[in-house]
There are 2 protein chains.
Amino acid sequence: MEAKKTFFNLPEEKQKRVLETALEEFSEKGYQGASINLIVSRLGIAKGSIYQYFNNKKSLFLYIFDYVVELVRKRLKRVKEETKEAPTFERIRRSLLAGVDFIEHHPSIYRGYLKMMFEREVPFRQELLRKIRLFSSDYLTSLLMEGRDRGEIRKDVDLETMVFLLDAVMDRFLQAYAVSYLDSGLHLHQATRPEIEKRIGELVGVLQQGIGR
Amino acid sequence: MEAKKTFFNLPEEKQKRVLETALEEFSEKGYQGASINLIVSRLGIAKGSIYQYFNNKKSLFLYIFDYVVELVRKRLKRVKEETKEAPTFERIRRSLLAGVDFIEHHPSIYRGYLKMMFEREVPFRQELLRKIRLFSSDYLTSLLMEGRDRGEIRKDVDLETMVFLLDAVMDRFLQAYAVSYLDSGLHLHQATRPEIEKRIGELVGVLQQGIGR
DNA sequence: TTTAATGATGACCAGGTGGTCATCATCCAT
DNA sequence: ATGGATGATGACCACCTGGTCATCATTAAA
C-alpha cells in the first residue's frame with residue numbers, strides 16, 4: 001500500500017510531475033535528507049496535498065523506488081538481448097557502455113542509488129539493496145555461464161568469484177564516471193566518449209587476461 | 001584551526017573520550033546525521049562545553065577526520081614494510097587481509113568512510129576523499145611497479161588501469177565484508193577467517209590470470 | 001583576601017523537520 | 001437547487017537541529 005487512491009485519480013501528467021520532482025529530491029539529498037517541504041514547495045502545491053497522495057515520507061520513497069527499479073530492469077533486459085550473439089567480453093564492454101549511457105540520461109538516479117547504499121535510515125534498505133544486487137548478479141552470472149558454454153570463460157574457477165570481480169569493477173567504473181574523485185588514475189569523471197570507450201577496452205582486456213606474468 | 005586551546009588544556013583521557021564518542025556518532029550517522037546534542041549527552045557534559053573545545057560541528061568533524069587518517073596511514077605503511085620481501089600477489093593478499101583486520105578492530109571507522117563517500121554535506125568531501133584515494137592509489141601503484149621490476153606483473157598494460165582494477169576489487173571486498181548485502185554470491189559479511197582467506201586466495205588468483213580462455 | 005583567568009553550564013534562540021486536520025472549492029448526481 | 005463526495009489548503013503541532021551567552025564554580029596569582 002504505497003500510494004493512496006487519490007494519487008491515481010490525478011491526471012497522469014500531474015502524477016508524473018510529482019514523481020519526478022520527488023525523485024530528484026531523494027536522489028540529491030538521500031532519504032533522510034530529502035525535505036517534504038521542499039518537494040511540495042517546488043511542486044507549487046500545499047503541504048497537505050502530498051499527504052493525500054501518500055501516507056508518509058516512507059510510502060512516497062518506496063513508490064519512487066519501485067518506479068526506478070522497473071526502469072533499470074527494462075534497460076538491463078534490453079541490453080542483454082541486443083548483445084545476445086556477441087562474444088562474452090564484447091557483451092561486457094557493451095554492458096558497461098550501457099551503464100554509462102544510463103547515467104548520462106538519468107544522472108540523479110544513479111547518484112541516488114549510491115547515496116542510499118550506505119545511508120542508515122533508508123526504509124528496508126537491506127531488502128532494497130539486495131534486490132538491486134540480485135539484478136546485477138543474475139545478469140552477470142548468466143552472461144558468464146553462456147560464455148563458459150562457448151568456451152570463452154575459464155572453467156577451473158569458481159563462478160561466484162568471477163561474478164564478484166566483474167560486479168566490483170563495473171560498479172566502480174560507473175561510480176568513478178558518476179561522482180569524480182573515485183577514479184584512482186584514470187580520469188573517468190565526465191570524460192569524453194572516446195576516452196571512456198578506450199578505458200573500457202583496456203579494463204576488459206585486463207579482466208580477460210589478468211595482470212600477472 | 002580545528003580545535004580551540006581549551007580542548008588541549010583538557011586532561012588527555014578526557015580529550016580521548018570526547019574524540020572517541022564523537023567519532024562513534026559521526027561514523028554511525030554520517031556528517032549531516034550526527035547530532036551534537038547526542039554527543040554531549042552521551043559524554044555527560046553541557047552543550048556549551050563542546051563549543052568551548054571546537055568552534056562548530058565542522059571543526060569537530062575535521063579534527064576527527066585527521067585523527068582517523070593518521071591511524072590508517074600508519075597501518076598501511078606498516079603492512080607495506082612487513083611484506084617487503086614477499087612476491088607481489090602475496091603482498092596483495094596480505095594487504096586485503098590487513099584491511100579485514102582493520103575493520104575488525106575499528107568497525108565504525110570503515111563504515112563512516114563509506115557513509116561520507118556519497119553524502120553531500122560533508123565539508124570538503126572532495127578534498128578529503130581525494131586524500132584517501134591517493135593513499136590507496138599510491139600504495140597500489142608502488143606495489144605494482146615493484147612487481148613489474150621483478151617480472152611478476154605484465155608490462156604491456158597501462159599501469160593505471162591495473163591500479164584501478166585492484167583498487168576497485170579490494171575496496172569492494174572490504175565493503176562486502178563490512179556491510180553485508182554487497183557481496184553478490186560470496187558471503188563475505190562476517191564470514192569466518194578461513195572462509196575469508198579462501199575467498200581472498202581465489203580472488204587474487206583470478207586477478208592474476210584473468211577470467212578469459 | 002582579593003583579583004583575574006579559565007572552564008562548565010543550560011536556558012534560550014531561530015529555523016527546520018514530518019505530519020495533522022478543520023475548512024474550503026469544485027464538481028456531479030440526484 | 002441541494003447534498004454528497006473528493007481534492008486542495010495552510011495554519012498548526014511537537015520535536016529536533018546547531019549555536020549563543022550571561023552566569024556560575026574553581027583555581028591560581030597578587
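Let's start in a loop: A:Tyr181 is found between helix H9 (159–179) and helix H10 (193–209) of chain A. Keep in mind that this is a predicted model. The phi angle of A:Tyr181 is near 35 degrees, a positive value in a residue other than glycine. A:Tyr181 is also buried, with a relative accessible area of 7%. Now turn to chain B, where B:Ser180 sits in the loop between helix H9 (159–179) and helix H10 (193–209) of that chain. Here too phi is positive in a residue other than glycine, with B:Ser180 near 60 degrees. With a relative accessible area of 11%, B:Ser180 counts as buried, because buried means under 20%.

How do the two chains relate to one another? A turn of 180 degrees, with a shift of 0.0 Å along the axis, lays chain B on chain A with an RMSD of 0.1 Å. The two copies are therefore related as by a two-fold rotation axis. The same surface serves both copies, since 100% of the contact residues of chain B recur in chain A. If you would like a landmark for the axis, look for B:Gly210: of the residues of chain B, its C-alpha comes closest, at 1.8 Å.

Next, step into the interior. The largest nonpolar core has 154 residues, and those that touch the most other members are A:Ile50, A:Leu60, A:Phe173, B:Ile50, B:Phe54, B:Leu60 and B:Phe173. A:Ile50 makes a good place to pause. Leaving aside residues up to four places away in sequence, A:Ile50 touches A:Val18, A:Ile36, A:Ile39, A:Val40, A:Leu43, A:Ile45 and A:Leu60.

From the core we can move to the DNA, beginning with strand C. Around DNA strand C there are 19 residues, the closest being A:Ala34, A:Ser35, A:Lys47, A:Lys57 and B:Asn9. Both chains take part through their helices: helix H3 (36–43) and H4 of chain A, along with helix H1 (5–9) and H4 of chain B, each supply at least two residues of the surface near this strand. H4(B) gives the most, with five residues. By type, the surface near DNA strand C divides into six nonpolar, nine polar and four charged residues.

Which parts of strand C face the protein? Of its atoms within 4 Å of the protein, 56% belong to sugar or phosphate and the rest to bases. On the phosphate side, a backbone N or O atom of A:Ile36 lies 3.0 Å from a phosphate oxygen of DNA strand C, and a backbone N or O atom of A:Lys57 lies 2.8 Å from one. A base is reached as well, with a polar backbone atom of B:Gly48 at 3.4 Å from a base oxygen of DNA strand C.

Finally, visit strand D. Of the 19 residues around DNA strand D, A:Asn9, A:Gly48, B:Ala34, B:Lys47 and B:Lys57 come nearest. The helices that each supply at least two residues of this surface are helix H1 (5–9) and helix H4 (47–53) of chain A, with helix H3 (36–43) and helix H4 (47–53) of chain B. H4(A) gives the most to the surface near DNA strand D, with five residues. Side chains reach the phosphates here: an N or O atom in the side chain of A:Asn9 is 2.5 Å from a phosphate oxygen of DNA strand D, and one in the side chain of A:Ser49 is 3.5 Å from a phosphate oxygen. The backbone contributes too, as a polar backbone atom of B:Lys57 is 2.8 Å from a phosphate oxygen of DNA strand D.

Note on methods
Residues numbered from 1 in each chain as written. Chains lettered and ligands numbered in written order. Predicted model: local features only at pLDDT ≥ 70, side-chain atom pairs only at ≥ 80, totals over all residues. Heavy atoms only, no water. Near = heavy atom within 4 Å. Polar contact = N/O pair within 3.5 Å; in protein donor to acceptor, adjacent residues only side chain to side chain. Helix = DSSP H or I, 4+ residues; strand = E, 2+ residues; numbered from the N terminus. Least-squares fit on C-alpha atoms with pLDDT ≥ 70 in both. Contact = heavy atoms within 4.5 Å. Core = buried A, V, L, I, M, F, W, Y, C linked by side-chain atoms within 4.5 Å. Buried < 20%, exposed > 50% of the residue type's maximum accessible area, 1.4 Å probe, protein only. Nonpolar A, V, L, I, M, F, W, Y, C, P; charged D, E, K, R; others polar.
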